[in-house]
Amino acid sequence: MIAKISSGKDTAGLIRYLYGPGRANEHTDPHLVASWDGFAPDPGRSNDFNATRKLLVQDLDLRVHQAGRLGRAPKQHVWHCSLRASPEDRLLSDDEWATIARRIVAATGIAPEGDPDGCRWVAVRHAEDHIHIAATKVRGDLRTARHWNDYLTADKELAAVEKDYGLQQVIRGDRTAAKRPTRAEREKALRTGHPRAARERLRSTVRTAVSVATSPEEFLDILARTDNVHVDIQYFPSGDIRGYKVALAGDTNAAGDPIWHSGSKLAPDLSFPKIRERLTDLDTPTMAPVDRHRPSPWRQATAAAERIPTRLARSDDATAQANIAAFGEALDALPLLAPKDLRPQLQQAAIVFERATRSRIRAHQDQARALRSAIRSLRTAPVTGDGSGLAMFLDVALLVVTATVRWHRLRQHDQQVAAAHQTLLHLRTAYEEAAAAPLAALAQRKPPQRVVDRLAHQLHQVVPAHAEQVLSDPAWDALATVLTDAEHSGHVPERILQQAANERALDDARSPAQVLVWRVHRLAERPAPSARALAAQARSSVQQVPSGQQLLNQGSASPHLRDPAERTRVHRR
């Protein structure tokens, strides 16, 4: 159940709307379900509708007029709260709605329980799934009602109502979500043939500009060069930039002027100070000669992204929040770099994940500069060739979003959890499309059968629990290819396969074979360990035999002393 609260100054207009036919004749059987004293006149049940409606308005406005004569009436004296049930909820009776209305006016301070001077109010029902509460804000003692923070208190009470009545429990936010488009904005978008309101389109445009900009100045320059977007930059008297506003070309008001949106109105993290904080002192990509031994920008971005799950699990909340926000910038940039057929799903993933990038936890932006720098390096490396770079990044992206779900769930960030879950759906679709070609190309280079048989035997030794599933997966041929390539580069197949298996649990993977393909692919690009390094690793893996005194100190619980005869021999030494 959700609430929507607003204020106004026309009691008669609100009552006329509540008892009228509605904007699209959607109102049916308007009638009172509750009132401040239980005896308010009900136009919906009266033989003289107009006279009763006027009487109801007079009763509601009585104290407003009394306070007005003393100069104490508030300008916005009308309090309007609509309560709507979820589509999954059962049909509530009038008596149930009446009780819910009383709980809301009490919780919000409009008419506290047991207070004889509470405000006058009525609850009107003109549909099966919702009611409207209309109140005037002047109390019986002619003071203005104290209803500060009424939306939060109403929302908290509705959460209790949902539990008490067995209703659908709505996912609630923490007031960090971007402002939703108004009904007028949505209707205007539909009239002009756009599925999204101007506010939403501008938000995506600004976020994309932030994701690829390397400085606050470049961010504004990118916006200014964006088609169909007007930019207005505000300055302090000193000449320093104070902020910015954006408008869509053709989106005008009745006077023909552009409808401007400041960054902070688009989203809390899109204000100019917030953007400047993220982009200042960023390690930016340079035009230096390409280093053959340096990983490609896609490999660098993938390596930076795959460290995020560990940081979410081990870092403080501020650092974790910064890494989630930086990953959101990566998703914002992907539609600019990916092939056209992948852009719709990647755009949706970025739009949805935006909600998961913010919470009440303030991010330490300087903790995620490496990832942000790697993302901006991708501007010089669009997806080319077989697209394996993008496929690898998306494989890691799925892991990052899954870790984000767990992180937000532990902190009870319900809206962020829902957004991350929805992001997974879009990313999986994009990954499956992006990975098809590079996996097929790898499978075509499948090694000889004797090599495949040897690798299969090694697979059984390294990951016995998943070996059969991997071998029956269509991606097994691609995995055999990358293991062979790794071996030709000087790596030991068993060792690199073990490394790949250890880096990510395979239990929840849809395709363990594909996970291993990209893991091995990335690990194989690192220099192969030297013979001396391999020997040192082998020595460190050999279990050191403890001394006799150590065994005696460990006692009979030691795994080295399972045999009583062995304990006797040690003692005799």
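**From one buried leucine to the whole chain**

Leu-92 has a relative accessibility of 2% and therefore counts as buried, a term for residues with under 20% relative accessible area (exposed means over 50%, partly exposed in between; 1.4 Å probe, protein chains only). The model is predicted: local features need pLDDT of at least 70, side-chain atom pairs count only at pLDDT 80 or more, and totals for chains, interfaces and linings use all residues. Residues are numbered from 1 along each chain as its sequence is written, and side-chain values use heavy atoms, with hydrogens and water left out.

Where in the chain does Leu-92 lie? Leu-92 belongs to the loop that joins strand E3 (78-84) to helix H3 (94-108). Helices (H or I, at least four residues) and strands (E, at least two) are DSSP runs, numbered from the N terminus. The surroundings of this leucine can be described by its contacts, that is, heavy atoms within 4.5 Å. When residues up to four places away in sequence are not counted, Leu-92 touches Met-1, Trp-97, Ile-100, Arg-125 and Leu-167. Of these partners, Leu-167 stands 75 residues away from Leu-92 in sequence. In space, the C-alpha atoms of Leu-92 and Leu-167 are 9.9 Å apart.

The chain as a whole may now be considered. The chain contains 24 helices and eight strands, and 48% of its 573 residues are buried. Among contacts with a separation of 6 or more, 70% are made by residues 24 or more positions apart. The pair Leu-92 and Leu-167, with their positions 75 residues apart, gives the reader a concrete case of two residues that lie far along the sequence from each other and yet touch.

Helix H1 (residues 11-18) shows how a single element is placed in its surroundings. Which residues of H1 are buried? The buried residues of H1 are Thr-11, Gly-13, Leu-14, Ile-15 and Leu-18. These residues are covered by elements that include helix H2 (49-69), strand E3, strand E4 (121-125) and strand E5 (130-136). Strand E3 thus appears again, for the loop of Leu-92 follows this strand. At the start of H1, a side-chain oxygen of Asp-10 comes to within 3.3 Å of the backbone nitrogen of Ala-12. A polar contact is a pair of N or O atoms within 3.5 Å; within protein, one must be able to donate a hydrogen and the other to accept it, and residues adjacent in sequence count only if both atoms are side-chain atoms.

A further polar contact is found in helix H15 (388-410), the helix that holds His-408. His-408 has a relative accessible area of 0%, and is therefore buried. Which backbone oxygen does the side chain of His-408 reach? The side chain of His-408 reaches the backbone oxygen of Ala-356, at 2.9 Å. Ala-356 also stands in the list of residues in contact with His-408, from which neighbours within four places in sequence are left aside. The other members of that list are Gln-321, Ile-324, His-413, Gln-416 and Val-417.

Attention now returns to strand E5 and the loop that leads from it to helix H4 (150-165). Leu-142 is found in this loop, and its phi is near 65°, a positive value in a residue other than glycine. Asn-149 is located in the loop between E5 and H4 as well, and its phi is likewise near 65°, again positive in a residue that is not glycine. Are these residues buried or partly exposed? Leu-142 has a relative accessibility of 15% and so counts as buried, whereas Asn-149, at 27%, counts as partly exposed.

The cysteines complete the picture. Cys-81 has a relative accessible area of 0% and is buried. Cys-119 also counts as buried, at 2% relative accessibility. How many disulfides does the structure contain? A search of the whole structure finds zero disulfides, a disulfide being a pair of cysteine sulfur atoms within 2.5 Å.
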